[in-house]
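Biologist: Please take me through one part in close-up, contact by contact. Then work outward to whatever pairs and links you can find.

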Amino acid sequence: MAADTRHAAHQFLEDLFLLGPAPVGAGRLLGLCLAFAAGTLTLLLAASAGAADLDSDGWEPADGDCCDTAASCPGVSPALVNPGALEIVGNGVDDDCDVATSDVTAPSTCSASSDFSVLPTQLAEAMDICQATSAAPPLASRTWGLIDAAFLLADGSTPNAFVLSDMTNKQAAVLDGYGSNVSPQNGATMAGLSSGTMRDIFDPGFVAPHPGTDHGSIGSVPAAYLAANGGSMPSNAGCSGVCPSGAGANDSVNLRLTLRVPTNANGIRYRHRFFSADFGGVCSAFNDSHLALIDSNAPGIPADGNIALDTIGNPLNLNSTTWEVCTATGCHTCPSGTADLAGTGLSTTTGGGTTWLNAAARVVPGETITLDLMVFDAGDNSIDTNVLLDDFTWKLAQCGDGLTDPGETCDDGNVTGGDGCSASCSVEAAVPSLSFGGLVLLVALFAVIGVYQGAPAGIRRHSSPQV
């Protein structure tokens, strides 16, 4: 058997390197390569008989992985197809290995109407986070989605019963609009959080945001956020120059979302708007704020964890925000005017806001993240500040996005091969460079081969190496 194997190997090499009786034609060379590849694949499959999780995505076929090898789902990386993946509408692949999930129709939203006595999960649904999962399910049912939603204080501590009741019934709401002109960005509703009472003039239980609602809650800004900003709230990024930073996080409401990321996603994005009845108090110690603090293992997360920023990257607080919806005063040009304040209860002289903004961050496919979405008063418990939240989406992992995702060995931000990372995001073999001496040896080698091919057939047979 060993001799036969050596002979077969020699025959293959003899043909491949033109050592046989005649040069190998292109068709035969292609056939030899295909045969060799098929044989190699057969050996690999035989060697891995009984092996599990061939794509190293954490799921075996026995756990519901419907695509463990490339042959099972042509055109897509097997590592991106498993029960933990997000179904991509229209790609013709059963991404989440669940035939019950439509590949043709996008899932519908899950929040239909306004509500003013809400659970944290209702706010998640109003933001379009509709799929729920659990913290430690069996692998076969380990899907992405909302693991938990909770009301906390700004510093992450648990509110007492009185404060929790105010969060549920006053400070948080599911809204089908805000005032006369501000509408949800996706679906019928959006989430609202307030340091006072989250209502507009058309809603039951409306309380004017100026002077606002005093809930009597005294608290602290998250310690890690302060530490990352030199021990105080950012306050000098706006056009007003040096301003007081303010202190404390009073009448805070913090919606903490705990989410498992789909295995084929590497980012999040949602939309938000910041409003305050205290625009007239800009550049004071009453530096009311909205923070969105993400906890993820992904690279590129801001040092302070905050992804709630305005159009030029400033934090969303009274002293730093670029105000757009307001009456022009001082250095604030207010390019969007006051139309979006109509019906909100915010004064056109002391109230202000932003337009819809995008908040985004990288995440690691399959990891569990937390997102703390909060608003609070600084320096006092009056004159309210609100934030609207909507249209949460996952950013899908794909070749060329600059992130090395499951199934990729590189990603240099493009889908062009020949630069060390191929068009399919796999590391390309380095092209060896030749010194002058090496080039001379290569030319000499080709010369010898040319002479050898021109020799009589008998000489070439006699000269063939024996195995």
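**From the core outward**

Modeller: Leaving aside residues up to four places away in sequence, I268 touches I294, I307, A359, A360, A361, V363, I369, L371, F392, T393, W394 and K395. Keep in mind that this is a predicted model. I268 belongs to the largest nonpolar core, which has 50 residues. Within that core, I268, L193, L257, Y270 and L373 touch the most other members. There is also a second core, separate from it, with 15 residues. Among its members are L175, Y178, L341 and I383.

Now the charged pairs. Side chains of opposite charge can pair when their charged atoms come close. The structure holds four salt bridges. I will take three of them.

Start with R269 and D391. Their closest N and O atoms are 2.5 Å apart, and the two form a salt bridge. R269 sits in strand 5 and D391 in strand 11, so the bridge ties together parts that are 122 residues apart in sequence. How exposed is R269, and how exposed is D391? R269 has 27% relative accessibility, so R269 counts as partly exposed. D391 has a relative accessible area of 13%, so D391 is buried.

R273 gives another bridge. Its partner is D340, with the closest N and O atoms 3.0 Å apart. The two belong to distant parts of the chain, 67 residues apart. R273 is in strand 5. D340 is in the loop between strand 7 (316-317) and strand 8 (352-353). Both R273 and D340 are buried.

K170 and D166 make a more local pair: they lie four residues apart in helix 4 (residues 161-171), about one turn of the helix. Their side chains meet in a salt bridge at 4.0 Å, N to O. K170 has 36% relative accessibility, so K170 counts as partly exposed. D166 has a relative accessible area of 8%, so D166 is buried.

D65 is a contrasting case. D65 is buried yet has no salt bridge. What is the nearest side chain of opposite charge, and how far away is that side chain? It is R142, 13 Å away. That lies outside the 4 Å cut-off for a salt bridge. D65 sits in the loop between helix 2 (26-47) and helix 3 (120-126). Its side chain reaches the backbone nitrogen of C67 at 3.0 Å. Beyond residues up to four places away in sequence, D65 touches D55, D57, W59, E60, V81, N82, P83 and C97.

C67 leads on to the disulfides. A disulfide is a covalent bond between the sulfur atoms of two cysteines. The structure holds seven. C67 pairs with C73, at 1.6 Å from S to S. The torsion about their S-S bond is about -40 degrees, so the disulfide is left-handed. C67 and C73 are both buried.

Next, C243 and C283. Their sulfur atoms are 2.0 Å apart, and they form a disulfide. The S-S torsion is about -100 degrees, so this disulfide is left-handed. The pair links distant parts of the chain, 40 residues apart. C243 is in the loop between helix 5 (223-228) and strand 4 (250-260). C283 is in the loop between strand 5 (265-276) and strand 6 (289-295). C243 has 6% relative accessibility, so C243 counts as buried. C283 has 27%, so C283 counts as partly exposed.

Then C410 and C421, joined by a disulfide at 2.1 Å from S to S. Here the torsion is about 95 degrees, so the disulfide is right-handed. Both cysteines are in the loop between strand 11 (385-396) and helix 6 (436-454), eleven residues apart. C410 has a relative accessible area of 12%, so C410 is buried. C421 has 4% relative accessibility, so C421 counts as buried.

Finally, a residue at the surface. V104 is in the loop between helix 2 and helix 3. Is V104 buried or exposed? V104 has 70% relative accessibility, so V104 counts as exposed. From its C-alpha atom to that of N91 is 8.6 Å, and the two residues are 13 residues apart along the chain.

Notes
Residues numbered from 1 in each chain as written. Predicted model: local features only at pLDDT ≥ 70, side-chain atom pairs only at ≥ 80, totals over all residues. Heavy atoms only, no water. Disulfide = S-S within 2.5 Å. Buried < 20%, exposed > 50% of the residue type's maximum accessible area, 1.4 Å probe, protein only. Core = buried A, V, L, I, M, F, W, Y, C linked by side-chain atoms within 4.5 Å. Contact = heavy atoms within 4.5 Å. Lys, Arg positive; Asp, Glu negative; His and termini not counted. Polar contact = N/O pair within 3.5 Å; in protein donor to acceptor, adjacent residues only side chain to side chain.
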